[in-house]
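This report describes the fold of one protein and how a pair of its helices pack. Please keep the sequence and structure in view while reading.

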Amino acid sequence: MDIEFENDTNYLDQHFLIDKSIINAVVDAAELKINETVVEIGPGKGDISETIARRSKHLTLIEIDKKLEPFLNVIKDKHSNVDVIYGNVLDVYIPECDKIISALPYSITEPFIEKLIRCEFKEAVLIVGKKFADNVLEKNLNKLALLTNSFFRVERIMDIAPDAFSPEPRVMSTMIKLTKLKREELNYSFKKFIFRELFFHRDRKLKNNLMEALIEFVKLHDKKLTKKESKAIIDSYKLPKETLNKEMENLSNEEYEMLYNSLK
Ligand code: SAH
C-alpha cells in the first residue's frame, strides 16, 4: 500500500520498525497470554499489532494519524478482536487492560508517563529514547526518573540502533518494561511512597501535599499523625519557604533532588 506522508505529519515523529527481530522482541517482552487484553499506542502501520492480535484476547489501538487508517483497517478486517481509537493518547481515555505496548515520539515521553500513573494496567513495554531509559535506570533524582521509579519497576530489555527503523531516528532507542508497583507494596519504602503521593497530586502546593503524604504513610501503618505533627516533621526538613509554596509540577530538578535528600 502506498500512502504519501506529507510534511504536516513530521511532527508525529513517525519511525516505523522494520527489523522483524525487534518486532518479535517487543511482543516477547510483553509475555502475552491468550486471555489478556492489550492497548497498543502509536501502532503506525500495524507491524506489531498483527502479532499482538494473534496472541491476545483483545487489542485496542490508539493512533493519532488518521492517514494510517487503511493500514489499521486491514488488521481490523483480519482480526475480530481489534478496535481502533483515533486521537492523541494524551487526550483520550486509555481503557483498562493487562498490557500496554507503545512506541511514541520521544518528545511526549514525560506527559505520557504522567498519564500512565493513572491508568489501570499491569505491565507496559515501551520504546523510548535511550537517554530517557538511562536516566531512569541510573535512578537519578530528577523529576522524570523519580516519577517513573516511584510508580514502576523498570527493566531494560534492549537498546535499539537507528537502523531498525525507517526513517531512521537521530538518536538511539531503548525497549523498556514497566511493571506497576502496588501502593501497598511500598510501605517499606518511605521515600518512594511519599513521592508517589506527591506526584499523584501534582497541582497541590508542596507544603500541603507533603503534609497529606506523611499522614497517608502513617495511616498505612495503622497509626495516626495529626496535621500539627505532620507540620513539625516538614519544618525539620528545613526546605526553603519558596519551594514549599510551589505546586509540585512547578518544582525544578534541583528542588526535586533537595526534597528527596531531606525526606526522613
Ligand atoms: N509502533 C509503530 C510506529 C511507531 S512511530 C512501529 O514501530 O512501526 C510512532 C507512532 O505514534 C506513529 O504511528 C504516530 O502517528 C503515532 N503518534 C504520534 N504521536 C501520537 C500521539 N500523541 N497519540 C497517539 N499516537 C501518536
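The overall make-up of the protein comes before the helix pair.

## Overall make-up

The model is predicted. The protein contains 11 helices and 9 strands. Measured out along its principal axes, the C-alpha trace covers about 65 × 40 × 30 Å.

## Burial, surface and contacts

Of the 264 residues in the protein, 50% are buried. The exposed area of the protein is about 13500 Å², and 49% of this area is supplied by carbon and sulfur atoms.

Among contacts in the protein with a separation of 6 or more, 61% are between residues 24 or more positions apart.

## Geometry of α7 and α11

Helix α7 covers residues 190-200 and helix α11 covers residues 253-262. Their axes come within 10 Å and cross at roughly 140 degrees. Because of this angle, α7 is oblique to α11. The cut-off for roughly antiparallel is over 145 degrees, so the crossing of roughly 140 degrees falls in the oblique class. The crossing of the two helices is right-handed.

## Residues in the contact

Which residues of α7 meet α11? On the α7 side they are Lys-191, Phe-195, Leu-198 and Phe-199. Their partners in α11 are Tyr-256, Leu-259, Tyr-260 and Asn-261.

Sorted by class, the contact of α7 with α11 has 6 nonpolar, 1 polar and 1 charged residues. The charged residue is Lys-191 in α7, and the polar one is Asn-261 in α11.

Definitions and conventions:
Residues are numbered from 1 along each chain as its sequence is written. This is a predicted model: local features need pLDDT of at least 70, side-chain atom pairs count only at pLDDT 80 or more; totals for chains, interfaces and linings use all residues. Side-chain values use heavy atoms; hydrogens and water are left out. Axes are lines fitted to C-alpha atoms, for helices over the stretch in contact, and angles run from 0 to 180 degrees between N-to-C directions. Helices (H or I, at least four residues) and strands (E, at least two) are DSSP runs, numbered from the N terminus. Angles under 35 degrees count as roughly parallel, over 145 as roughly antiparallel, 65 to 115 as roughly perpendicular and the rest as oblique. A crossing is left-handed if the near helix is turned anticlockwise from the far one by less than a right angle, and right-handed if clockwise. Contact means heavy atoms within 4.5 Å. Buried means under 20% relative accessible area, exposed over 50%, partly exposed in between (1.4 Å probe, protein chains only). Accessible areas come from the Shrake-Rupley method with a 1.4 Å probe; for residues, only the protein chains shown count as cover.
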